[in-house]
Amino acid sequence: MDSFNRDLSYTSLPELVVNDTGTNNADRPAKCCSPAIEPSMLSPNSALLPKPTMAADGTTDHPPSGQSTPTNPFNFQTQVISTSPVKSNIGQRRGHRYKHSSVSTQHQIFQEPPQRPPPVLPASLPIPTLKEAWKSMNKDQRMRLYWSLSHLAIAVFIFFRSEGSLSATALSHLVFFDAGSAAVCVAVDVLGNFEVWRRSSIRHPFGLERAEVLAGFAMSIFLLFGGFDLVSHNLKHLLESMGHHEPHHEHSHEGIPAGSVDLASAAAILSTLASAYGLKNHARIAKVMRVSYLASFPSILSNPFHFLTLLFSTLVALLPLFSIELYTWLDRLICAIISLAMFGLGMRVAVAQGLMLLMSYGGSDGDAGVSSVIHDIESESSITSVDEAQFWQVHYGLCMANLKISVEKGNDEVALSRLRSRITSLIQNRLGEGYGTGGNVRWEVSLQLNTNGSS
């Protein structure tokens, strides 16, 4: 105990010396506050070392040279901070990755998702370029292409040959329409070599076959404008011939020599027959129109476009056999009839193509045929009612029917399957002209059978 007190007596208490620089050190004694903590006390051996004292003149008294200098507990070394951007660990997984550890193998905490099958429909299919289309053409397709170009050249020849004859000018409009239809047939035949034409994709659910419908609609607009153009020409010539008004242009009949068969009419007849047999142009449009009063004629004449071209080509060829006065009136009359026929056929084709573009149905007998089919479906003994029925045509070769039907209770799966087959066959035979009768319209039927309102 005495030794412990003796050690404490040799240990001086820490004190803090405050130097006020605003006053004179000689006039004002130093203020001492005790106890105080100095930085040297933070060192473990600082309490056993003598501390430096400050004299009255501002100098510092250092300890004797025999004693060691106290160590500085603070580290004031310069450190260089990196200028590279700091990588944030927010959102990153920390800790052990259990996926590749034994925990995952034993307990299957993290399981791999099941492999999904590839989609049935591709997102899109490549559309062929002109170079690819040319390389894919076979010999027959190239011959058809050359003939369609020749048909177009014949139409241009008839147009320039028809100067002075209104009927020949009207005939050139019909031949232009035939040449355009022949070109569309060649394009459809060539595009059929590629997968994108018939195969469905997400971008083109029904392939590119609806492009043919759009082309047919454009041709119908050409017929309408051609009919209006011929009517305006005919009215202008009629007004010029009335009274004593002199026409702005002299009209002569040198293009069609009297007593001879005109070369333009002969070219129109030959080109129409060649396109009808070789390219079968207007075949699909004629089936959509379904002109009943021409059904009894042969295959070529049953097509209204071929019938008009051949009929008026023959009449124009016989015009030079008549006198000048009769020739003038017959020329105007034939032009008026051709313009009305073009306007009527153009309107009918535009309506038929427009219904396809609008995803509607106006095929066999229109609404009457659909109503008859629905009535036959409702006459089935196991069917209580037809709740919903939608019929629509996608393009020339595809139609769709969606029906929601309520059936009686007690029907098993075999009976329902037979019912589906009967309804599908009924729709195909009644609206698709049946199998083996020349009809090439395919019907896709979707049925939803409900039992007392429950699906």
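In this predicted model, the stretch of residues 145-162 is 94% helix and 0% strand, and its end C-alpha atoms are 26 Å apart. This stretch is one of those covered by the annotation "transmembrane region" in an unreviewed UniProt entry, which also lists residues 174-192, 213-235, 300-323 and 329-351. For residues 300-323, the chain is 62% helix and 0% strand, with 33 Å between the end C-alpha atoms.

Aromatic side chains offer a helpful way into the fold. Across the whole structure, a search finds seven aromatic pairs. Among them is the pair of Phe228 and Phe343, whose ring centres are 5.1 Å apart and whose planes meet at 75°, an edge-to-face arrangement. Because Phe228 belongs to helix α7 (residues 210-241) and Phe343 to helix α11 (residues 324-357), this pair ties together parts that are 115 residues apart in sequence. With a relative accessible area of 52%, Phe228 is exposed, while Phe343, at 31%, is partly exposed.

A further edge-to-face pair is formed by Tyr361 and Trp443, with 5.3 Å from centre to centre and 65° between the planes. Here too, distant parts of the chain are linked: Tyr361 is found in the loop between α11 and α12 (367-378), Trp443 is in strand β7 (residues 442-451), and the two are 82 residues apart. Tyr361 has a relative accessible area of 7% and is therefore buried, since the limit for that term is under 20%. Trp443 is likewise buried, with a relative accessible area of 6%.

Rings can also be joined into groups: Phe159, Phe160 and Phe176 form a cluster linked by ring pairs. Phe159 and Phe160 fall within the annotated span 145-162, and Phe176 within 174-192, according to the UniProt record.

Charged side chains meet aromatic rings as well. Arg142 places its charged end over the ring of Trp134, at 4.3 Å from the ring centre. In a second case, the charged end of Arg332 sits over the ring of Trp329, 5.7 Å from its centre.

Finally, the cysteines can be considered. A disulfide is a covalent bond between the sulfur atoms of two cysteines. Counting such bonds as pairs of cysteine sulfur atoms within 2.5 Å gives zero disulfides in this model. As for the surroundings of individual cysteines, Cys185 is partly exposed, with a relative accessible area of 23%, whereas Cys399 counts as buried at 2% relative accessibility.

Technical notes
Residues are numbered from 1 along each chain as its sequence is written. This is a predicted model: local features need pLDDT of at least 70, side-chain atom pairs count only at pLDDT 80 or more; totals for chains, interfaces and linings use all residues. Side-chain values use heavy atoms; hydrogens and water are left out. Buried means under 20% relative accessible area, exposed over 50%, partly exposed in between (1.4 Å probe, protein chains only). UniProt positions are given in the numbering used here, feature names are shortened, and annotations may be inferred rather than shown by experiment. Helices (H or I, at least four residues) and strands (E, at least two) are DSSP runs, numbered from the N terminus. Rings of Phe, Tyr and Trp (its six-membered ring) pair if their centres lie within 6.5 Å; planes under 30 degrees apart count as stacked, over 60 as edge-to-face and the rest as tilted. A charge sits over a ring if NZ of Lys or CZ of Arg is within 6 Å of the ring centre and within 35 degrees of the ring normal.
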